[in-house]
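Biologist: Please take one part of this model and look at it closely with me. I would like to hear which side chains meet there and what surrounds them.

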Amino acid sequence: MRHALVVLSLTLVAGSATAQGAPSAGKPHAIVVLPDQVPFGPAPASLPAGAKLAVLEGNPAAAGPFTMRLWVPDGYRIPPHYHPAVEHVTVVKGTFKVGMGEKFDPSLLNALPVGTFAALAPGMRHFAQAEGETVIQLHGTGPWSLTYVNPADDPRQRQSTP
């Protein structure tokens, strides 16, 4: 049987393990998500089509800590954008190429291989492209949002209304 998320209750001799927010008094817990059980689903409308997202911890739309994973196919691009809070990125699979600036310029892309960690300051204009099927882990403090430098790049602006 496949479980989307394995949640283990742990009692530790020297303290408690916390993951999903602050634990209730007397109820230490941990969240464990095995690589083949990451619950990927549709990415938010703020990202270009083709990506999948899994929230592993917290709620990115609310105040507080969160952790999520983003799966993107080979060649996937995210136009220049920025975030209101520090964005922490760890490359889990593939190569994530990131460039800084307000215009997508492939000559400015830097390849971040598996295991790379990056932290981008609030407001840092950046863009990205995947090389190979790529998974990145994002964590930070919500609410998380993405603002495109050029509003015309925002996929939400191109959605048709029924």
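Modeller: Let us start with a yardstick: a residue counts as buried when its relative accessible area is under 20%, as exposed when it is over 50%, and as partly exposed in between. Please keep in mind that this is a predicted model. The part I would pick is strand β10, together with what it touches.

A good way in is the aromatic pair, as a search of the whole structure finds just one. Its members are Phe104 and Phe127, with ring centres 4.9 Å apart and planes at 45 degrees to each other, which makes the pair tilted. Phe127 belongs to strand β10, while Phe104 comes from the loop between β7 and β8, so the contact ties together parts that are 23 residues apart in sequence. The two rings also differ in their surroundings. Phe127 has a relative accessible area of 0%, so this residue is buried. Phe104 has 23%; because buried ends at 20%, Phe104 falls into the partly exposed class.

Now follow the same strand to its charged side chains. The structure has four salt bridges in total. In one of them, Glu133 meets Lys93 at 2.6 Å, N to O. Here Glu133 sits in strand β10, which covers residues 126-142, and Lys93 in strand β7, residues 87-100, with the two positions 40 residues apart in the numbering. Glu133 is partly exposed at 38% relative accessibility, and Lys93 is partly exposed as well, at 37%.

Another salt bridge joins Lys97 and Glu131, with N and O 2.9 Å apart. This contact too links distant parts of the chain, as Lys97 is in strand β7 and Glu131 in strand β10, 34 residues apart. Lys97 has a relative accessible area of 23% and is partly exposed; Glu131, at 40%, is also partly exposed.

Strands β7 and β10 turn up again around the largest pocket, which has a volume of about 220 Å³. Its lining has 23 residues, and the closest to the centre are Glu87, Val89, Phe96, His126 and Ile136. The elements that supply two or more lining residues are β5, β6, β7, β8, β9 and β10. Among them, β7 gives the most, with five residues. The lining as a whole divides into 18 nonpolar, four polar and one charged residue.

Glu87 has a second role in this picture. Besides lying among the residues closest to the pocket centre, Glu87 lines the largest cavity, together with Phe66, His83, Pro84, Ala85, Val86, Thr141, Pro143, Trp144 and Ser145. Thr141 brings us back to strand β10, since the strand runs over residues 126-142. The volume of this cavity is about 50 Å³, and the structure holds one cavity of 30 Å³ or more. Its lining splits into six nonpolar, three polar and one charged residue.

One last stop lies just before the strand in the sequence: Arg125 is placed over the face of Tyr82, 3.8 Å from the ring centre.

To draw the view together, strand β10 shares the salt bridge of Glu133 with Lys93 and that of Glu131 with Lys97, holds the buried ring of Phe127, and gives at least two residues to the lining of the largest pocket.

Technical notes:
Residues numbered from 1 in each chain as written. Predicted model: local features only at pLDDT ≥ 70, side-chain atom pairs only at ≥ 80, totals over all residues. Heavy atoms only, no water. 1 Å grid on protein atoms, 1.4 Å probe; cavity = no way out; pocket = protein on both sides within 12 Å on 5 of 7 lines; lining within 4 Å. Points joined across faces, edges and corners; volume = space filled by probe spheres on them. Nonpolar A, V, L, I, M, F, W, Y, C, P; charged D, E, K, R; others polar. Helix = DSSP H or I, 4+ residues; strand = E, 2+ residues; numbered from the N terminus. Buried < 20%, exposed > 50% of the residue type's maximum accessible area, 1.4 Å probe, protein only. Phe/Tyr/Trp six-rings, centres within 6.5 Å; stacked < 30°, edge-to-face > 60°. Lys NZ or Arg CZ within 6 Å of the ring centre and 35° of its normal.
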